[in-house]
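Colleague: Can you walk me through this one? I'd like to know what stands behind each label you use.

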Amino acid sequence: MGDAVSENPQEWFDGAARVMFVHAHPDDETIATGGTLAALAEAGLEPLLVTLTRGEQGEVVAGPLEALVAAHGLAVARQNELRTALGMLGVERHAFLGAPPARAEGLPPTIYEDSGMAWGEDGRATAGGDATADALTRVPAVEALNDLFAAANDAGAGAIVSYNGGGGYGHPDHVLAHRLARAVAHGLEIPFWEIVASDEDTEPDAGQESIEVHDVTPWLDRKVAALRSHATQLTVDGEEIVHVGGQREPIGRVEEFRRR
């Protein structure tokens, strides 16, 4: 089972001075780690968020935003949503992978595009088959790895957080995010913490050092406000998130992480 629930952000992630969060698309940061980000920011711990893509391949919630996206593009809309969400969470340190400070020194800025996905027969995401040449999973992995390393090194990261090995629900960008983030943590000899999915077993195993359970109830209002900012991708219905595809999930009052 998980360790005791903690409400003190100063103790989270074994007290790391600065934590870097690695997320694949705008809205992932809020859904999975929004309360934790808000708490760390309020405590003055200056978390850094690196978003790997702009979510160009996402669908759009039916309604008036469809016209806005048609006029300006989904990438622009999701960048603006992310900016608003981070304001709600109080997070000031953010970079897209490929843009300074998340770009290897001496290289011009680049954009890693959303790889897209399809739903497999097992209910998990899988590669969609329509990834562009600039998609995160199509470009040389070493380039993205060097960019993420630069971000962590520039920030003086004391720990890195990203998805579990299955990418949470299987999206290829999430899976790669795990591999990149874990490799950077290993290279810098700092702890790597993976987000525990709601349906995961948290019994200890040989590769697991500890589980942290964060009670983010005191920051739930900020998390909900940030969720509402991602209006092209989801709606908030009471205590649930309704995703663009109609899937529902509870808004997490507890966020759980496993140290690897």
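What follows is a talk through the labels, one after another.

Modeller: Before anything else, this is a predicted model. The protein has six helices and 13 strands, and 50% of its 260 residues count as buried.

Colleague: What share of the contacts between residues at least 6 apart in sequence join residues at least 24 apart?

Modeller: That share is 75%. As for the accessible surface, the total is about 11,600 Å², and carbon and sulfur atoms account for 50% of that.

Colleague: Let's go to the helices. Why are helix 3 and helix 6 called roughly antiparallel?

Modeller: Look at the crossing angle: the two axes cross at roughly 170° and come within 8 Å. The label needs an angle over 145 degrees, so helix 3 and helix 6 are roughly antiparallel to each other. On the helix 3 side the contact has Glu-81, Thr-84, Ala-85, Met-88 and Leu-89, and on the helix 6 side Arg-222, Lys-223, Ala-225, Ala-226 and Ser-229. The contact of helix 3 with helix 6 divides into five nonpolar, two polar and three charged residues.

Colleague: And what makes helix 1 oblique to helix 3?

Modeller: Here the packing angle is about 40°, with the axes 9 Å apart. Roughly parallel would take an angle under 35 degrees, and roughly perpendicular one from 65 to 115. An angle of about 40° fits neither class, so helix 1 is oblique to helix 3. In this contact Glu-29, Thr-30, Gly-34, Leu-37, Ala-38 and Ala-41 of helix 1 meet Leu-82, Ala-85, Leu-86 and Leu-89 of helix 3. Its residues split into seven nonpolar, two polar and one charged.

Colleague: Which elements do the buried residues of helix 6 pack against?

Modeller: Helix 1, helix 3, strand 10, strand 11 and strand 13. The buried residues themselves are Leu-220, Lys-223, Val-224, Ala-226, Leu-227 and Ser-229.

Colleague: Leu-234 is in strand 10. How do you know that Leu-234 counts as buried?

Modeller: Its relative accessibility is 3%, and the cut-off for buried is under 20%, so Leu-234 counts as buried. Leaving out residues up to four places away in sequence, Leu-234 touches Asp-27, Ile-31, Val-61, Leu-227, Ile-241, Val-242 and His-243. One of these, Leu-227, is also on the list of buried residues of helix 6. Leu-234 and Arg-248 are 14 residues apart in sequence, with 9.6 Å between their C-alpha atoms.

Colleague: Now the loop between strand 1 and strand 2. Why is Phe-13 called buried?

Modeller: Phe-13, which is in that loop, has 1% relative accessibility. Set against the limit of under 20%, that value means Phe-13 counts as buried. Its phi is positive too, at about 50°, although Phe-13 is not a glycine.

Colleague: What is the phi of Asp-14?

Modeller: Near 55°, again a positive value in a residue other than glycine. Asp-14 is in the loop between strand 1 and strand 2 as well.

Colleague: What makes the pairing of Asp-14 with Arg-259 a polar contact?

Modeller: The distance between the two side chains is 2.5 Å, and the limit for such a pair of N or O atoms is 3.5 Å, so the pair is within it. Beyond neighbours within four places in sequence, Asp-14 is in contact with Trp-193, Glu-212 and Arg-259. Asp-14 and Ala-159 are 145 residues apart in sequence, yet 9.0 Å apart from C-alpha to C-alpha.

Colleague: Over to His-171, in the loop between strand 7 and helix 5. Is His-171 buried or exposed?

Modeller: Buried. The relative accessibility is 3%, and buried means under 20%, so His-171 counts as buried. A polar atom of the His-171 side chain lies 3.0 Å from the backbone nitrogen of Asp-173.

Colleague: One last item. Which residues does the cis peptide bond join?

Modeller: Pro-100 and Pro-101, with omega at about 5°. Pro-101 is in the loop between strand 4 and strand 5.

Terms used. Residues are numbered from 1 along each chain as its sequence is written. This is a predicted model: local features need pLDDT of at least 70, side-chain atom pairs count only at pLDDT 80 or more; totals for chains, interfaces and linings use all residues. Side-chain values use heavy atoms; hydrogens and water are left out. Helices (H or I, at least four residues) and strands (E, at least two) are DSSP runs, numbered from the N terminus. Buried means under 20% relative accessible area, exposed over 50%, partly exposed in between (1.4 Å probe, protein chains only). A polar contact is a pair of N or O atoms within 3.5 Å; within protein, one must be able to donate a hydrogen and the other to accept it, and residues adjacent in sequence count only if both atoms are side-chain atoms. Contact means heavy atoms within 4.5 Å. Axes are lines fitted to C-alpha atoms, for helices over the stretch in contact, and angles run from 0 to 180 degrees between N-to-C directions. Ala, Val, Leu, Ile, Met, Phe, Trp, Tyr, Cys and Pro count as nonpolar, Asp, Glu, Lys and Arg as charged, and the others, Gly among them, as polar. Accessible areas come from the Shrake-Rupley method with a 1.4 Å probe; for residues, only the protein chains shown count as cover.
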